[in-house]
Amino acid sequence: LENNYTYAGKSFHTLRITGASLGGGLAIITGAQTRANAVGISGLNGGLSRHTFDPPVTEEALNTRVFNVIPDRDIISRIGDRSRLFQEIQCRAPMNSLLGCHSMWRSVCELAYTCGTGDRPVLCRCVKDFGYPEPIQNGTRTFAEACAEQE
C-alpha cells in the first residue's frame, strides 16, 4: 500500500491511523502492517506479538511507523515490548486509582497542559474532570463563560 490508499472509491496519498487503549494497539499493528503512520494513546505494544500477525509485522516497521503515548502508571500500555517511537507522559491521577492513568482524555489533557494548545482553547473537561488549572484569561470572556457556551 505504498502511498496508494483507497476508501469508498476515493484515493488518498496519506493515511494516518490513531486509537486509544485496545484501539491504540490495533492502530500500532495496522500501521506496522500497512506501513502507514500510526499513533496510539495507551496502546498495547506490538513487539512481543508481532510474529503472530498476518500480514506480518516487522520490527523495522514498528520502529519507524508507529508512536505510542505511555502515561506513568498505565499498566495496559506497558504490555509487550515497546518500539523505539514512544513518549512517556506524567499522570496526575490519584495514586490509588488503578486505571486512572489509562484514560485517553486524561492523556490528551496532560499533553495539552504540558505542550500547550497553541491557538486552540484549553479543553473544559481538563479543568472540570481532571483538576488541571484554568488558563490565564486573555480575552473578554472568563474560562467559566467559555465552558458554559460549549455545554
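This is a chat about the disulfides, the parallel sheet and a few helix residues of a predicted model.

Q: Hi! Before I set up the topology, how many disulfides does a search of the whole structure find?
A: Hello! The search turns up three disulfides.

Q: Great. What is the pattern, with bonded cysteines counted along the chain?
A: Counted that way, the pattern is 1-2, 3-5, 4-6.

Q: And cysteine 115, where is the nearest cysteine sulfur?
A: That would be the sulfur of cysteine 126, 12 Å away, and cysteine 115 takes part in no disulfide.

Q: Is that cysteine 115 buried or exposed?
A: Cysteine 115 is exposed, and its relative accessible area is 63%.

Q: Let's go through the pairs. What does cysteine 91 form with cysteine 101?
A: Those two form a disulfide, with 2.1 Å between their sulfur atoms. The angle about the S-S bond is -95°, and the link of cysteine 91 and cysteine 101 is left-handed.

Q: Where do cysteine 91 and cysteine 101 sit in the chain?
A: Both cysteine 91 and cysteine 101 are in the loop between β6 (86-89) and α3 (104-115), ten residues apart.

Q: Are cysteine 91 and cysteine 101 buried or exposed?
A: Cysteine 91 is buried, and cysteine 101 is buried as well.

Q: Which cysteine does a disulfide join to cysteine 109?
A: Cysteine 126 is the partner, with an S to S distance of 2.1 Å. Cysteine 109 belongs to helix α3 and cysteine 126 to helix α4 (residues 124-130), so this pair ties together parts that are 17 residues apart in sequence.

Q: Why is the disulfide of cysteine 109 and cysteine 126 called left-handed?
A: Because the torsion about its S-S bond is about -85°. Cysteine 109 and cysteine 126 are both buried, too.

Q: What about cysteine 124 and cysteine 147, what do they form?
A: They form a disulfide, and their sulfur atoms are 2.1 Å apart. The torsion about the S-S bond of cysteine 124 and cysteine 147 is about -100°, so this disulfide is left-handed. The pair links distant parts of the chain, with cysteine 124 in helix α4 and cysteine 147 in helix α5 (residues 143-150), 23 residues apart. Both cysteine 124 and cysteine 147 are buried.

Q: Staying with α5, which of its residues are buried?
A: Phe143, Ala146 and Cys147 are the buried residues of α5. Looking down the axis of α5, they fall within an arc of 95°, so they line one face of the helix.

Q: What covers the buried residues of α5?
A: The cover includes α4.

Q: And which exposed residues does the face of α5 turned away from its buried side carry?
A: That face carries Ala148 and Glu149.

Q: New topic: the open sheet of four strands. What order does it have?
A: The order is β3-β4-β5-β6, with parallel pairing. The edge strands are β3 (16-20) and β6, each of which pairs on one side only. From one strand to the next, the twist averages 10°.

Q: How many bridges join strand β4 to strand β5?
A: Four bridges join β4 (residues 37-41) to β5 (residues 66-71), and the two strands run parallel. As for partners in β5, alanine 38 stands opposite valine 66, while glycine 40 has asparagine 68 as its bridge partner.

Q: Over how many bridges do β3 and β4 pair?
A: They pair over five bridges, in the parallel sense. One bridge partner to look up is alanine 38 in β4, which goes with isoleucine 17.

Q: What do β3, α1 and β4 make?
A: They make a right-handed β-α-β unit. Helix α1 (residues 22-34) lies across β3, β4 and β5, and it runs at about 155° to β3.

Q: Last one, as I need to think about protonation states. Is glutamate 110 buried or exposed?
A: Glutamate 110 is buried, with a relative accessible area of 2%. This residue lies in helix α3.

Q: Which residues does glutamate 110 touch, not counting those up to four places away in sequence?
A: With those left out, glutamate 110 touches Ile89, Gln90, Arg92 and Tyr132.

Note on methods
Residues numbered from 1 in each chain as written. Predicted model: local features only at pLDDT ≥ 70, side-chain atom pairs only at ≥ 80, totals over all residues. Heavy atoms only, no water. Disulfide = S-S within 2.5 Å. Buried < 20%, exposed > 50% of the residue type's maximum accessible area, 1.4 Å probe, protein only. Pairing = 2+ DSSP bridges. Axes fitted to C-alpha atoms, helices over the stretch in contact; angles between N-to-C directions. Contact = heavy atoms within 4.5 Å. Right-handed = clockwise from strand over helix to strand, strands pointing away. Arc of directions from axis to C-beta.
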